[in-house]
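Dear colleague,

Please find below the structure that I am handing over to you. My notes on it follow directly after.

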Amino acid sequence: MADKIIELKKVSKIYDGTAVVDNIDLYIRKGEFVTLLGPSGCGKSTTLRMIAGFEKPDSGEILLNGKDITQIPPYLRPINTVFQRYALFPHLNVYDNIAYGLKLKRVKNVYEDKNGKQVVKYEKISKKVIDEKVSRALKMVDLEEFEKRDVTTLSGGQQQRIAIARAIVNEPEILLLDEPLGALDLKMRQDMQLELKEMHKKLGITFIYVTHDQEEALTMSDTIVVMNDGVIQQIGTPKDIYNEPKNSFVADFIGESNIMSGTIAGDHKVRFIGHVFDMVDDFELHEKVDVVVRPEDIYIVNKDKGQVNGKIISSIFKGIHYEMTFLVGKTEIIIQDTAERMVGEEVSIIIKPEDIHIMKKEYLVNSYDGYITKNNKVAFAEGEFDCDVTKLYPGSHLDEEEYLITADGQRIDLTDTPVKVEVPLDKVEIIDNEEDGNTSGEIISIIYKGDHYQVIIRTPEEEEDFVVDTEYLWNENDKVSVKIKPEDITLKLKVK
Amino acid sequence: MGPLKFSRKNLGIPYALFMLVFVLFPLVLIVFYAFTDANGHFTISNFTDFFSRSSNLYVLLISFALAVLTTAICLIIAYPVAYILAKSGAKTRNVYLLLFILPMWINFVLRTAAMKELLFALDSIGIYNVTDWYFVNTVIGMVYDYLPFTILPIYTVLIKIDKNVMEASTDLGANGFQTFVRTTLPLSVPGIISAVTMVLLPSTTSYVISDTLGNSKVTIIGKLIENQFNIGTADSWHTGSAISLILLFFIFGTMLLTGKFTENSNTRGSGLW
């Protein structure tokens, strides 16, 4: 296994009180092609800029070959950057742009003087050597004979090549690329992706590449680091990241995917969209999980021939395949298939066990889809609960007729407004008597969590689950009811 | 012909008229006066007379020395100011920029008079000598009056330089000083040239400053022209026009020279002016 060339230890960067990069640990091996991938504002560029030295971390340290370089300025780091907008020197021609770094470099030469003593001299690189290196770098990026050209007259693609040549000519240990292909058109971008990959092989140096384009990341990288909100979500090979996303963010960000809530229904069995599917992952019984299925991994068959029946509600031709939306119950599932099914057609789907990817759901809060009833209660999980609807609109209040008046005086009838309901695990009260609570269900699982029990209560019809942290021991299969105080119910408007 | 094209063409007419009446016509008049004598006959004696009088040549020399010195000092002061302004945060930057521009909003003659009072005040406490240092007085006055015109064009160019380009420079191994010499300075050349043309030209002619602060001992070419048009002898307008043309010629020469510089520096965009 190759050595770690760069290592970030508990690195954070804070702008205006928010952590853009939040306590990340990351190491990169020598010679790797690593991509930092994430949506804009996820902290990937800031991470790169800290490696380059343009930004100093607010805490943590950055090691290069095991040595702390956190405080070392960029011009002393053996790292070069290819900038997003090329950042070529507009006052210099192609040759002088590429030679910029070489002209500044001083090479250590050792001589012997008359007395046989060694004299160390730091000398400029000779014009001849610079000439050779520049023309070799230009050859590398396929722009021979461009030396005398004015950089401002070059096309975007050519400028980008010059920017790459300008960086690699210095023979850095690490080449940083900050969304270098972002400004190019699709065709050129694809060509450059392959060329960069080729260049990486030839040069054998470490590439750290930043992009928000998941396809680019999958095509080029040895390792992908998926980031979001300043935190590393997953590190892995492109295959791992695509096939085994660690959480729903990664699954959603890498390629198109269907993410559905499911429950483990037995040994290698998971229940979602009203059906128990076989799968390969091993999880604990009754655990709530996120199920990820790629659109291309779902097969459409005639009605009643597959696992789940439903209806095609839309179909779009995408060139190679049709992208269809399959509706089962209230869940929409995206399916890609080369054969088109008519909109409105009743069909059935098949999902193979190995195509079902399960992600652990970190249970922090119960969440439900609900709606507001006529008397300003909230209905979810087969029950009606008292709640404070004024929380939906900051600064609002209710008038005598129970209509909501917003802060700017608008009068709103909330009846049937869809809302997201959240209830903390420890705020759900379990009541022995089935009739006394707001809704009722059956206890399907009890797990001892060291200092408390985690109880799961499932409603009979909609099969909604309440996950409850409680000190008291209940019995499995008990029929109980559930009560929640109005102040413990958080409501959020569903954004259409 | 489309109506749009037609109307666009018409839009230019007022400007063409303006140029004709206020630029071309006066210029023709000046050329006419410069090459004729009091009787309206063609002559080049207005020019030969000017160059044959050593006092005139002295004025020419003083004017240019003053202009070059003023410009140089303005640049030396303005560049760091513009640099610091361009580097500072948006809030402080605007406040400081306003402070530097504010004097421009006060009447030029008043400013010069105020400078004179200031120099007299310094004289009275014994650290300055207004009466003997009349040339220095004039330089101080000119620098004071033209400094904002130097700061602004340099500042506008500096602020437009892509931050990434500077970062690229440090990334390629240049420290702060090397980055300045190899990147910032060459990229700000257009601003420097704008600043030079903004200062060099007016400082050869703005005799208000040299009159007020130079104790009438500093005569610049602008003053010489004014004198010719004021004495009102038969041929004084002709002489004055000739001097104007000579000045024009010199200015044109410097412009060509700086124009060459701009071409060489090969930079995109230019200064504010």
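In which sense do strand S18 (residues 308-317) of chain A and strand S21 (residues 346-351) of chain A pair, and over how many bridges? The pairing of S18(A) with S21(A) is antiparallel and runs over four bridges. Within it, A:Gly310 faces A:Val347 of S21(A). Please bear in mind throughout that this is a predicted model.

S18(A) also pairs with strand S19 (residues 322-328) of chain A, again in the antiparallel sense, here over six bridges. In this pairing A:Ser315 is found opposite A:Met324 of S19(A). The hairpin that S18(A) and S19(A) make has four residues between the strands, and A:Gly319 in that hairpin adopts a positive phi near 100 degrees.

A second hairpin in chain A involves strand S7 (residues 106-112) and strand S8 (residues 118-124), which pair in the antiparallel sense over seven bridges. A:Arg106 stands across from A:Lys124 in S8(A). Five residues lie between the strands of this hairpin, and A:Gly116 has a positive phi near 80 degrees. None of the seven residues of S7(A) reaches the threshold for burial, namely 20 or more other C-beta atoms within 10 Å of its own; the strand therefore lies largely in the open.

Chain A further contains an open sheet of six strands, ordered S6-S9-S10-S3-S11-S12, with mixed pairing. Its edges are formed by S6 and strand S12 (231-236) of chain A; each has a single partner strand, so one side of each is left without a neighbour in the sheet. From one strand to the next, the twist averages 20 degrees. Within this sheet, strand S3 (residues 33-37) and strand S11 (residues 223-228) of chain A pair in the parallel sense over four bridges. A:Leu37 has A:Val226 of S11(A) as its bridge partner.

Turning to the contact between the chains, 20 residues of chain A and 19 residues of chain B take part. On the side of chain A that touches chain B, the elements that give two or more residues are strand S6 (79-82) and helix H2 (94-104) of chain A. H2(A) gives the most, with three residues. By type, the residues on this side of chain A comprise eleven nonpolar, six polar and three charged. S6(A) thus appears in two settings: at an edge of the six-stranded sheet and on the side of chain A that touches chain B.

The secondary structure of chain B consists of 13 helices and zero strands. Its C-alpha trace spans about 75 × 70 × 30 Å along the principal axes. Of the 273 residues in chain B, 33% are buried. Where contacts in chain B join residues at least 6 apart in sequence, 75% of them link residues at least 24 apart.

One helix of chain B deserves a separate remark, namely H2 (residues 13-34). With 22 residues at 1.5 Å a residue, H2(B) should span 32 Å, and its end C-alpha atoms are 30 Å apart, which agrees. H2(B) nevertheless bends by about 35 degrees at B:Leu20. Two of its 22 residues are buried, so H2(B) lies largely in the open.

With kind regards

Terms used
Residues are numbered from 1 along each chain as its sequence is written. Chains are lettered from A and ligands numbered from 1 in the order in which they are written. This is a predicted model: local features need pLDDT of at least 70, side-chain atom pairs count only at pLDDT 80 or more; totals for chains, interfaces and linings use all residues. Two strands pair if DSSP finds at least two bridges between them. Two residues are in contact if their C-beta atoms, placed from the backbone, lie within 7 Å. Ala, Val, Leu, Ile, Met, Phe, Trp, Tyr, Cys and Pro count as nonpolar, Asp, Glu, Lys and Arg as charged, and the others, Gly among them, as polar. The expected span of a helix is 1.5 Å times one less than its number of residues. The bend at a residue is the angle between axes fitted to the seven residues ending there and the seven starting there. A residue is buried if 20 or more other C-beta atoms lie within 10 Å of its own, exposed if 12 or fewer, and partly exposed in between; C-beta atoms are placed from the backbone. Axes are lines fitted to C-alpha atoms, for helices over the stretch in contact, and angles run from 0 to 180 degrees between N-to-C directions.
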